[in-house]
Amino acid sequence: MLDSIVTRPAQTQSKRTQPQAGVPDSALFLGVGAASATELGNSACVICCDARPWLLIDCGHDTLVRYKQTFGSQSLPRAVFITHLHYDHIGGLEQLYFKAALSGQTVRLYVPVQLIQSLFAMLAYTGLAECREDIWHTFELHPVGEQFFHQQLRLSCYPVRHQAPGSAFSLHLPGRFFYSGDTRPIPELLIHQVTQGEIIFHDCVASANPSHAGLDELLKEYPPAVLARLCVYHYHGADDIHAFEQAGIRYAEPQQLISLC
């Protein structure tokens with residue numbers, strides 16, 4: 001099913017290596033919308049390996065419904081990385097807990113260490129009366145610092161610019177992808193850290209606001225070599241899409257599978 005909707009990145013392929021066994025080779029966007037863009041879905045992305053889920057990034061209100069529509073009605077993500085604690089990015093965690101606990105499954109939850117105390121408070125009253133266990137018996141919490149391992153691969157985690165300092169984080173698998181999470185422009189990261197030809201999934205709306213990068217800002221802040229690797233998401237709708245197309249900027253669409261190699 002997934003193979004039929006793969007789209008290939010536009011960047012030059014000569015610098016890329018061939019896919020390796022066990023290394024993610026595609027990203028599936030379940031939703032690409034800003035918090036109020038319900039028709040586009042809450043922004044969430046499944047990193048895939050050989051058309052199988054490898055890691056879910058964020059879990060918004062509608063993420064599990066879209067996940068099941070794609071991977072099967074009985075499917076649940078086994079590992080989730082959380083970029084920040086706005087509800088359009090974590091509103092599905094309670095639902096994920098209930099479904100996983102009742103089916104006897106566990107879910108590895110990768111959370112930047114700066115977010116753990118607040119997430120713990122937000123989930124403090126989540127639980128099942130039928131179980132003599134708390135939520136952290138189902139969610140296997142894995143605190144994330146600057147780097148962590150998932151499926152034997154080392155990923156990097158950088159703070160980004162989204163409202164309060166230290167409140168939002170990006171995810172980077174060198175040579176494969178960079179996922180910004182919600183952010184303002186971050187040229188200091190993209191120019192100095194993301195240097196191996198990775199596709200860059202970047203938060204963007206047509207008109208900038210204090211929480212999200214605007215298209216005009218990306219065009220001003222990033223050099224052509226970075227702009228050519230961008231694939232933007234977390235936008236509002238047709239007007240934003242038109243602006244991206246006019247500027248020649250790639251954008252992700254709901255249920256779009258994008259090759260990483």
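Does T183 count as buried or exposed, and at what relative accessibility? The legends below refer to a predicted model, and the first of them takes up this residue.

**Figure 1. Surroundings of T183 in the loop between β11 and α5 (187-192).** T183 counts as buried because its relative accessibility is 0%, and the cut-off for buried is under 20%. With neighbours within four places in sequence left aside, the contacts of T183 comprise V160, R161 and H162, then H202 and D203, and finally S211, H212 and A213.

**Figure 2. F201 and F177 in the largest nonpolar core.** This core has 83 residues, and F177 and F201 are the members that touch the most others. Strand β3 (residues 44-49) makes the greatest contribution to the core, namely six residues. Apart from neighbours within four places in sequence, F201 is in contact with F177, F178, Y179 and S180. Its further contacts are A27, F29, C231, Y233, I258 and L260. In soluble globular proteins, nonpolar side chains tend to be buried together.

**Figure 3. Strand β3 and its burial.** Six of the six residues of β3 are buried, and the strand is thus mostly covered. On one side lie A44, V46 and C48, and on the other C45, I47 and C49; both faces are covered.

**Figure 4. Pairing of β3 with β2 and β4.** Five bridges link β3 to strand β2 (residues 26-31) in the antiparallel sense, with F29 opposite C45. The pairing of β3 with strand β4 (residues 52-57) is likewise antiparallel and also has five bridges; here C49 stands opposite R52. Two residues lie between the strands in the hairpin of β3 and β4, where D50 adopts a positive phi near 55 degrees.

**Figure 5. The open sheet of six strands.** The strands follow the order β8-β9-β10-β11-β12-β13, and their pairing is mixed. At the edges stand β8 (147-150) and β13 (230-233); each has a single partner strand, so one side of each is left without a neighbour in the sheet. On average, neighbouring strands of this sheet are turned by 20 degrees against each other, direction ignored.

**Figure 6. Strands β10 and β11 within that sheet.** Strand β10 (residues 169-173) and strand β11 (residues 177-179) run antiparallel and are joined by three bridges. Across this pairing, H172 of β10 is placed opposite F178 of β11. F178 is also one of the residues in contact with F201.

Methods. Residues are numbered from 1 along each chain as its sequence is written. This is a predicted model: local features need pLDDT of at least 70, side-chain atom pairs count only at pLDDT 80 or more; totals for chains, interfaces and linings use all residues. Side-chain values use heavy atoms; hydrogens and water are left out. A nonpolar core is a set of buried Ala, Val, Leu, Ile, Met, Phe, Trp, Tyr and Cys residues joined through side-chain atoms within 4.5 Å. Buried means under 20% relative accessible area, exposed over 50%, partly exposed in between (1.4 Å probe, protein chains only). Helices (H or I, at least four residues) and strands (E, at least two) are DSSP runs, numbered from the N terminus. Contact means heavy atoms within 4.5 Å. Two strands pair if DSSP finds at least two bridges between them. Axes are lines fitted to C-alpha atoms, for helices over the stretch in contact, and angles run from 0 to 180 degrees between N-to-C directions.
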